[in-house]
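Me: I'd like a close look at one part of this protein, and I'd rather have the details than a quick tour. Could you take the loop asparagines and their surroundings, then work outwards from there?

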Amino acid sequence: MLWRRNLLAPLAALALVLTASAGAGTAAASTDTTVVAAAPAAPAAGDFGAPGPYATAVEVGAVTTLYYPRDIADSDRRHPVIVWGNGTGGVPLVYRDLMLHWASQGFVVAAANTPMSNLGISMRASIDMLTARNAAPGSVFFDRVDLEHIGASGHSQGGAAAIVVGSDPRIDTVLPIQPGPLANINAVRVPALLLAGQQDSIVFPALVKAFYNAADHIPALYGEVRGADHFTVVGDPGPFAAPTTAWFRAHLMGDRTAHAQFFGPGCDICTDTATWSDVRRNGLALNVPAATP
């Protein structure tokens, strides 16, 4: 497919640049290496684009790279999971800033290492792996992973993979970012936030709208990020950080403030024309009530 060929070279080049410049913040070994990032400041209430309250750590395995709260073994709560699929030719390092941002917010992010994620096999394997480690005494994840609340996300080909994985009964919500066309959203049975870039010339907004239009059987939202091209989300995720964090906090953590970003008559993203060039909510999403205090 043309969109795959167009995406492969830029992502591969960016991965090489980031590998050379990442330094001590990222684990470089192939298996079971943990590197601790600096502790972020707690964000102001409702500022989902700000770093969360958790210091973060990275573990690079053979199949999955994990980004997670550093002190998860001593946490007083279980932490929800986000499984991630890369764009064509990409690796988790390309999306490191977004993965660390989610981890700082309290999520365990399991990013498939494969550069060809469309089938979602590695993403499902990540859930299996975390299930085993959550049950293993001595694991830093022992009884600290909230396997009842799992979201799926990804970019480009990985966005399509998030839709594919959305048919897995363990998934509670999907958030495809500029998803490629090789997926069937009719198999998804959970709420979806489908993100497009206004200036995306690889996955045109119309292709993302087609997924949204087909998702009339689930609560679905379409958000088109003003001025974003296909690579805005890589490196510094910029305008993608806040809404993706809010969506997962709403659906995986029960955050009422985050819920109000998308649902009810207030719907914050519906009036934020500085960030969004187009926002749509289907009938089922419109029927989702506002969060009660």
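Reply: Here is a walk through the two asparagines first, then the strand, helices, cores and disulfide around and beyond them.

A bit of housekeeping: this is a predicted model, where local features need pLDDT of at least 70, side-chain atom pairs count only at pLDDT 80 or more, and totals for chains, interfaces and linings use all residues. Residues are numbered from 1 along each chain as its sequence is written, and side-chain values use heavy atoms, with hydrogens and water left out.

Let's start with Asn113, which is found in the loop between β5 and α3. Helices (H or I, at least four residues) and strands (E, at least two) are DSSP runs, numbered from the N terminus. Asn113 is buried, with a relative accessible area of 18%. For that label, buried means under 20% relative accessible area, exposed over 50%, and partly exposed in between (1.4 Å probe, protein chains only). The side chain of Asn113 has a polar contact with the side chain of Thr65, at 2.7 Å. A polar atom of the Asn113 side chain also lies 3.4 Å from the backbone oxygen of Ala62. A polar contact here is a pair of N or O atoms within 3.5 Å; within protein, one must be able to donate a hydrogen and the other to accept it, and residues adjacent in sequence count only if both atoms are side-chain atoms. Leaving aside neighbours within four places in sequence, Asn113 is in contact (heavy atoms within 4.5 Å) with Gly61, Ala62, Val63, Thr64, Thr65, Asn86, Val91 and Pro92.

That list brings in the other asparagine. Asn86 sits in the loop between β4 and α2, and at 0% relative accessibility it counts as buried. A polar atom of the Asn86 side chain lies 2.6 Å from the backbone oxygen of Ala112. Again leaving aside neighbours within four places in sequence, the contacts of Asn86 include Val91, Pro92, Tyr95, Asn113, Ser117, His155 and Gly158.

Gly158 also turns up beside Ser153, a residue of strand β6. Ser153 is buried, with a relative accessible area of 0%. Beyond four places in sequence, Ser153 is in contact with residues including Trp84, Gly85, Trp102, Met123, Gly158, Leu175 and Phe248. The C-alpha atoms of Ser153 and Thr173 are separated by 8.8 Å, with their positions 20 residues apart along the chain.

Met123 takes us to helix α3 (residues 121–134), where the buried residues are Ser122, Met123, Ser126, Ile127, Leu130 and Asn134. They all end up on the same side of α3 because they cover an arc of only 155 degrees around the axis; the arc is that of the directions from the helix axis to the C-beta atoms. What covers them includes β3 (64–69), β4, β5, β6 (145–155) and α4 (157–165). The 14 residues of α3 reach 20 Å from first C-alpha to last, close to the 20 Å expected at 1.5 Å a residue, where the expected span is 1.5 Å times one less than the number of residues.

Trp102, another contact of Ser153, belongs to the largest nonpolar core, where Met99 and Trp102 touch the most other members out of 39 residues. Such a core is a set of buried Ala, Val, Leu, Ile, Met, Phe, Trp, Tyr and Cys residues joined through side-chain atoms within 4.5 Å. Elements giving two or more residues to this core include β2 (56–60), β4 (79–85), α2 (96–104), β5 (108–112) and α6 (241–253). Apart from that core lies another, of 37 residues, among them Val188, Leu194, Tyr212 and Tyr222.

Tyr212 is also one of the buried residues of helix α5 (residues 205–214), along with Pro205, Val208 and Phe211. These fall within an arc of 120 degrees seen down the axis, so they line one face of α5. Ala206 and Asn213 are exposed on the other side of α5. The buried residues pack against α4, β8, β9 and β10 (276–281).

Last stop is the disulfide, and the structure holds 1 of them. Cys267 is joined to Cys270, with 1.9 Å from S to S; the cut-off for a disulfide is a pair of cysteine sulfur atoms within 2.5 Å. The link is right-handed, with 70 degrees about the S-S bond. Cys267 is buried at 1% relative accessibility, whereas Cys270 is partly exposed at 34%.
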